[in-house]
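Biologist: Hello! Please take me on a close look at the largest pocket, and then carry on to whatever you find worth telling.

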Amino acid sequence: MDQVTFDDCSVAFRVPPYQFLSAPGFAEARDRLIAGKLALYDGNHLFNRLILEEGRFLCYLAVLALHAGQDITQSSTWLTLGRLQREVTDLGIASRNRVEAQVSCLRKYGFLSQQPHASDRRVRLLVPSNALLARDARVLGLLLDALSSFGLSPTEGRKGSPDAALHKGIRRATLAHLPDISRLIRRHLPLAPFFAHDCGYMIMLLLLRGAQENDGAVVTTGYQRLATQTGVSRTHVRRIVEAARDAGLVETDARGGHDIKLTPLMWHAADRWFADQFALTDLLLREALD
């Protein structure tokens, strides 16, 4: 990953991240977003493993963006496996074979289908399922709800999941910003122990919520409990937490991960991450409404 920076000029934000970070209601909005995402991800172990890792997440996002930007009369815009592979490999985060493997998994479990084009049945289009689109709309709804508390974004009258037109507009706007989103993820180098592993993002959210519920202090959890919550092995969880410890994000004082303390660096890095998420959502919303 690239060396971390927090130069807000790296993306043409309409409202820069520091304005969200310095807003009085930032901590409350962050905590509501964490709680909302955990409620959405809870119990969906299969889906979480399919998307909650950097490369898989960007592939998933590319599917949604390409689908929203598709013009059925323009073959250059069609969402085919080849087009998806080009978009994702150009980001430098996955090989063509890895993209094909993820598409196969999404198809196997009903999140994607492959259908012949109406006018040229030799062409197979990838089509996101209604369940996949609805889940993405709920994630966007959580972000829009958080934005509404700042008074910095055009969120008036927009509570909950966006309607179909706004959802499509936001994801259409996402397409041009896929390289920006990839850079935003990569610039958060301190959080790499979480972003680079299956379900690492969910483990990060669970630790943040646990610490927040305990006044930011020790999280009284354990590797086994985190494994049960995320659907990965105890060993996998231990390796992620140990990597986070080695990066200075957490301290572990008890065997089995029963007492995990989040360091100031962890809170600082997480806050920077969520400020970026708010600024990016604000940008996509404004472009969808323009």
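Modeller: Happily! The largest pocket holds about 190 Å³ of space. A pocket here is an open set of points on a 1 Å grid over the protein atoms alone, with room for a 1.4 Å probe and with protein on both sides within 12 Å along at least five of seven lines. Its volume is the space filled by probe spheres set on the points, which are joined across faces, edges and corners. A word on the source: this is a predicted model, in which local features need pLDDT of at least 70 and side-chain atom pairs count only at pLDDT 80 or more, while totals for chains, interfaces and linings use all residues. Residues are numbered from 1 along each chain as its sequence is written, and side-chain values use heavy atoms, with hydrogens and water left out.

Lining residues have an atom within 4 Å of a point; for the largest pocket they include Leu206, Arg209, Glu213, Thr220, Arg225 and Gln229. By class, 4 are nonpolar, 5 polar and 3 charged (Ala, Val, Leu, Ile, Met, Phe, Trp, Tyr, Cys and Pro count as nonpolar, Asp, Glu, Lys and Arg as charged, and the others, Gly among them, as polar). Helix H11 (200-213) and helix H12 (223-230) each supply at least two residues of this lining, and H11 gives the most, with 5 residues. Helices (H or I, at least four residues) and strands (E, at least two) are DSSP runs, numbered from the N terminus.

H11 and H12 also lead us to helix H13, since both are among the elements that cover the buried residues of H13, along with helix H10 (192-195), strand S4 (250-252) and strand S5 (260-262). H13 spans residues 234-246, and its 13 residues reach 18 Å from first C-alpha to last, close to the 18 Å expected at 1.5 Å a residue (the expected span is 1.5 Å times one less than the number of residues). Val237, Ile240, Val241 and Ala244 are its buried residues. Because these buried residues fall within an arc of 95 degrees seen down the axis of H13, they line one face of the helix (the arc is that of the directions from the helix axis to the C-beta atoms). An α-helix has 3.6 residues a turn, so residues three or four places apart point the same way. Arg239 and Asp246, on the other side of H13, are exposed. Buried means under 20% relative accessible area, exposed over 50%, and partly exposed in between (1.4 Å probe, protein chains only).

After H13 comes Gly248, with a positive phi near 85 degrees. Thr263 sits 15 residues from Gly248 in sequence, yet their C-alpha atoms are 7.1 Å apart in space. Thr263 belongs to the loop between S5 and helix H14 (264-289), and it counts as buried because its relative accessible area is 9%. Leaving aside residues up to four places away in sequence, Thr263 touches Gly248, Leu249, Val250 and Glu251 (contact means heavy atoms within 4.5 Å).

To set beside your pocket, the second largest pocket holds about 160 Å³ of space. Its lining divides into 4 nonpolar, 2 polar and 2 charged residues. Helix H8 (164-176) and helix H4 (54-68) each supply at least two of them, and H8 provides the largest share, 4 residues. Leu64, His167 and Arg171 are among the lining residues, and Asp136 touches those three as well as Tyr60. Asp136 lies in helix H7 (residues 130-148) and counts as buried because its relative accessibility is 1%.
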